[in-house]
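Colleague: I have a structure to go through with you. Can we take it in short questions and answers?

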Amino acid sequence: HTKLFVLFFSISSLFTDWVRTVLIMWKLAALFLAMAVAVHADDGLVIDTTFTPEDCSVKSKSGDLLKMSYKGTLENGEVFDESRPGSPFTFTIGSGQVIKGWDQGLLDMCVGEKRTLTIPSALGYGEQGAGKIPPGATLTFEVELLALSEDGSEGGADGSGGLDSLFKGMDKDNSGGIDRSEIRAYLQGQGGGMPEGENIDNIVDEIFTSEDKNKDGILTLNEFGPSDESDEPAHDAEEL
C-alpha cells in the first residue's frame with residue numbers, strides 16, 4: 001500500500017506540474033499574441049490587427065496600389081469620414097498621397113486584412129487640423145484592404161490594373177487627359193479623410209504643380225503618377 005501511495009503521489013505531482021506548465025505556456029502565448037496584434041510605434045502610431053485571412057502570402061509594400069474601405073472617427077466617437085459602399089479609396093502607398101499614419105500603418109497588410117489605426121496628430125493633420133478634424137486631433141481609422149496591385153502595375157493581387165486603371169477611372173470623358181475638374185471630382189468621391197471645399201482645391205493645385213510637366217492644364221498618363229527622375233514624393237503627405 002505504501003508503494004502504491006508513493007506512486008500515486010508521484011503521478012499526481014507530475015500531473016500538477018504539467019498542468020502548471022501548460023497554464024504558463026498559455027499565458028505566455030496570449031501575451032505574445034497581444035504584443036503581435038497591437039503594434040505601438042515609437043512615434044505614437046498604434047496598429048491593431050483585428051482580422052487576418054488564412055491566405056496572407058502577399059503583403060503591401062511601398063509603391064503598391066491599395067484599395068481601402070475605411071471609417072475615420074475622432075476621439076469623441078464622431079465619424080468625420082468613411083468610404084462609400086462600392087467606392088473604395090485608391091492610392092499608392094509610400095508616395096505621399098495620404099497622411100503619414102496611413103503610409104506607415106498600412107504596410108505589410110494582406111488583402112482581406114482588417115486593422116484599427118490610432119494616429120497621433122503628428123502623423124495626421126497636425127496642429128492646423130482640416131475640415132471636420134480639429135487641430136491636434138488623434139484619429140482612429142477602421143480599415144480593410146480590399147485589393148492590392150503590386151508596384152502600382154497591371155496584374156496585382158486582385159487582378160486589377162494599377163496606375164493605368166486609376167487614370168482611366170479619373171478620365172471620365174475618355175479624352176486621354178485629366179483636367180482639374182476631373183481630379184477634384186475623383187477626390188470628392190474617394191473621401192479617405194480628404195478635407196472639404198477649398199482644401200481639395202489646394203490639393204489639386206499641388207498635383208498640377210508637381211505633375212503637369214508642360215503646364216497645359218491637362219495631365220496625360222505619361223505625366224500621371226510618381227516620377228522616375230526623382231526620389232521625392234509627388235505630393236505633400238499632409239493630406240489623406
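## A residue in strand 3, then the rest

Modeller: Let us start with T73, which is found in strand 3. Bear in mind that this is a predicted model.

Colleague: Is T73 buried or exposed?

Modeller: The cut-off for buried is under 20% relative accessible area. T73 has a relative accessibility of 14%. Therefore T73 counts as buried.

Colleague: How far apart in space are T73 and T140, C-alpha to C-alpha?

Modeller: In sequence, T73 and T140 are 67 residues apart. T140 is also among the residues that T73 touches, including E78, V79, F80, T138 and L139. From C-alpha to C-alpha, the separation of T73 and T140 is 5.3 Å.

Colleague: What pattern does the protein follow along the sequence?

Modeller: The secondary structure comes to five helices and seven strands. Read along the sequence, the pattern is α-β-β-β-β-β-α-β-β-α-α-α.

Colleague: Among contacts between residues at least 6 apart in sequence, what share joins residues at least 24 apart?

Modeller: The protein has 240 residues, and 40% of them are buried. It exposes about 13600 Å², with 56% of that from carbon and sulfur atoms. For contacts between residues at least 6 apart, the share joining residues at least 24 apart is 63%.

Colleague: Which strand gives the most to the largest nonpolar core?

Modeller: In soluble globular proteins, nonpolar side chains tend to be buried together. The largest nonpolar core here has 27 residues, and M68, F91, W102, L106, F141 and V143 touch the most other members. Strand 3, strand 5, strand 6 and strand 7 each supply at least two residues of this core. With five residues, the one that gives the most is strand 7.

Colleague: How many residues are in the other core?

Modeller: This core lies apart from the largest one. Among its residues are M170, I183, I207 and F208. Its residue count is eleven.

Colleague: What kind of aromatic pair do F80 and F141 form?

Modeller: The whole structure has eight aromatic pairs. F80 and F141 have their ring centres 5.6 Å apart, with 85° between the planes. Planes over 60 degrees apart count as edge-to-face. So the pair of F80 and F141 is edge-to-face.

Colleague: Why does that pair tie together parts that are 61 residues apart in sequence?

Modeller: F80 is buried, at 7% relative accessible area, and F141 is buried too, at 0%. The pair ties together those parts because F80 lies in strand 4 and F141 in strand 7.

Colleague: What kind of pair do the rings of F89 and F91 form?

Modeller: Both F89 and F91 are buried. Their ring centres are 5.5 Å apart, and the planes meet at 20°. Planes under 30 degrees apart count as stacked. So the pair of F89 and F91 is stacked.

Colleague: Which residues do ring pairs link into a cluster?

Modeller: F91 touches W102, along with others including D64, L65, M68 and L106. The cluster linked by ring pairs takes in Y70, F80, F89, F91, W102 and F141.

Colleague: Which residues does the disulfide join?

Modeller: The structure holds one disulfide. Its S to S distance is 2.2 Å, and the link is left-handed, with -100° about the S-S bond. Both of its cysteines are buried. They are C56 and C110.

Colleague: How many residues apart are C56 and C110?

Modeller: C56 is in the loop between strand 2 and strand 3. C110 is in the loop between helix 2 and strand 6. The pair links distant parts of the chain, and the separation is 54 residues.

Colleague: With which residue does D205 form a salt bridge?

Modeller: The structure holds three salt bridges. In the one with D205, the closest N and O atoms are 2.6 Å apart. D205 is in helix 5, and its partner, 25 residues apart, is in helix 4. The partner is R180.

Colleague: Is E113 buried or exposed?

Modeller: E113 forms a salt bridge with R115, at 2.7 Å between the closest N and O atoms. R115 counts as buried, at 6% relative accessibility. E113 has 3%, so E113 also counts as buried.

Colleague: What is the relative accessible area of K61?

Modeller: K61 forms a salt bridge with D64, the closest N and O atoms being 3.3 Å apart. D64 is buried, at 0%, whereas K61 is partly exposed, at 32%.

How values were computed:
Residues numbered from 1 in each chain as written. Predicted model: local features only at pLDDT ≥ 70, side-chain atom pairs only at ≥ 80, totals over all residues. Heavy atoms only, no water. Disulfide = S-S within 2.5 Å. Helix = DSSP H or I, 4+ residues; strand = E, 2+ residues; numbered from the N terminus. Buried < 20%, exposed > 50% of the residue type's maximum accessible area, 1.4 Å probe, protein only. Salt bridge = Lys/Arg side-chain N within 4 Å of Asp/Glu carboxyl O. Contact = heavy atoms within 4.5 Å. Areas by Shrake-Rupley, 256 points an atom, 1.4 Å probe, with all protein chains shown as cover. Core = buried A, V, L, I, M, F, W, Y, C linked by side-chain atoms within 4.5 Å. Phe/Tyr/Trp six-rings, centres within 6.5 Å; stacked < 30°, edge-to-face > 60°. Lists of a residue's contacts leave out its neighbours within four places in sequence.
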